[in-house]
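Welcome! Please take a moment to look over the sequence and the 3D structure before you start the exercises.

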Amino acid sequence: ILGLILLKCIMVAIGIAMAAVNKYIVDLASSSLNMTGNIILAVFLTALSLIGGILLGVWSVKLTEQYSYHIRNQMYQHILRSTWKARVTQHSEEMLSRLTSDVNMVTSGIVNVSIAIVSTIVQLIMAFFLLWHYDWTLALFALITGPVAAIVSIYFGRKLKKVQKNL
């Protein structure tokens, strides 16, 4: 899973680099300077991003299936060795179907959520430093207003949840 997280973080870095290169290309387009090298870099980063996206998808599915298989095997062996009345009353097909769907949901959640958390943190950090590079006052403003906006949205989200429960 660490390799998958690393690949996702590299994809995030490529995305941030593409944003910086595209900004530079737009800046050069407004002047009369040569943009050939930057356009080649943008095409290269785009191709790298596409290849990385394919690898990320394949690797993610493979890892999820490996985890699912391992957990399903452990759960099935545990069920076979157990002695409880619910096992007798349920059909084996129904139990296996339920086991398979539950395990698939858990493993895809573990893989996808862990990757998403780490890559989002890396993306926020990299975006902050890129923004700092362009304008440090705007970066500080974003750093201050981001948590304030999050706290306000959590506060109003809880109020909205209470209102919905009362309806």
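Below are five exercises, each followed by a worked solution, and the model they use is a predicted one.

**Exercise 1. Place M11**

Task: Find the helix that holds M11, decide whether M11 is buried or exposed, and list its contacts beyond its sequence neighbours.

Solution:
- Step 1. Start with the helix: M11 lies in α1, which covers residues 2-29.
- Step 2. Next comes accessibility. Buried means under 20% relative accessible area, and M11 has 14%, so M11 counts as buried.
- Step 3. Set aside the neighbours within four places in sequence; M11 is then in contact with L48, S49, G52 and G53.
- Step 4. Finally, compare sequence and space for M11 and L50: 39 residues separate them along the chain, while their C-alpha atoms are 9.4 Å apart.

**Exercise 2. Check the span of α2**

Task: Work out what length α2 should have and compare it with the model.

Solution:
- Step 1. The expected span is 1.5 Å times one less than the number of residues.
- Step 2. Helix α2 has 46 residues, so the expected span is 68 Å.
- Step 3. In the model, the end C-alpha atoms of α2 are 67 Å apart, which agrees.
- Step 4. Now look at which residues of α2 are buried: among them are N38, G52, S60, T64, S68 and R72.
- Step 5. Take S60 as an example. S60 has a relative accessibility of 15%, so this residue counts as buried. Beyond its neighbours within four places in sequence, S60 is in contact with L4, V111 and N112.

**Exercise 3. Assemble the largest nonpolar core**

Task: Name the residues of the largest nonpolar core and find which helices supply them.

Solution:
- Step 1. A general tendency helps here: in soluble globular proteins, nonpolar side chains tend to be buried together.
- Step 2. The largest nonpolar core has eight residues: L4, I5, L7, C9, L56, L63, V111 and I115.
- Step 3. At least two residues of this core come from each of α1, α2 (36-81) and α4 (92-134).
- Step 4. Helix α1 gives the largest share, with four residues.
- Step 5. For a closer look, pick I5: apart from neighbours within four places in sequence, I5 is in contact with S114, I115 and V118.
- Step 6. There is also a second, separate core of six residues, including M18, V21, A42 and L45.

**Exercise 4. Describe the aromatic pairs**

Task: Count the aromatic pairs, then classify W132 with W136 and Y155 with F156.

Solution:
- Step 1. The count comes to four aromatic pairs.
- Step 2. For W132 and W136, the ring centres are 6.3 Å apart and the planes meet at 50°, so this pair is tilted.
- Step 3. For Y155 and F156, the centres are 5.2 Å apart and the planes are at 70°, so this pair is edge-to-face.
- Step 4. Add accessibility: W132, at 38%, is partly exposed, and Y155, at 46%, is partly exposed.
- Step 5. One aromatic cluster is formed by F128, F129, W132 and W136.

**Exercise 5. Look around T145**

Task: Say where T145 sits and what its side chain reaches.

Solution:
- Step 1. T145 belongs to helix α5, residues 136-166.
- Step 2. With a relative accessible area of 32%, T145 is partly exposed.
- Step 3. The T145 side chain reaches the backbone oxygen of F141 at 2.9 Å.
- Step 4. Along the chain, T145 and L167 are 22 residues apart, and their C-alpha atoms are separated by 33 Å.

Definitions and conventions: Residues are numbered from 1 along each chain as its sequence is written. This is a predicted model: local features need pLDDT of at least 70, side-chain atom pairs count only at pLDDT 80 or more; totals for chains, interfaces and linings use all residues. Side-chain values use heavy atoms; hydrogens and water are left out. Buried means under 20% relative accessible area, exposed over 50%, partly exposed in between (1.4 Å probe, protein chains only). Contact means heavy atoms within 4.5 Å. A polar contact is a pair of N or O atoms within 3.5 Å; within protein, one must be able to donate a hydrogen and the other to accept it, and residues adjacent in sequence count only if both atoms are side-chain atoms. Rings of Phe, Tyr and Trp (its six-membered ring) pair if their centres lie within 6.5 Å; planes under 30 degrees apart count as stacked, over 60 as edge-to-face and the rest as tilted. A nonpolar core is a set of buried Ala, Val, Leu, Ile, Met, Phe, Trp, Tyr and Cys residues joined through side-chain atoms within 4.5 Å.
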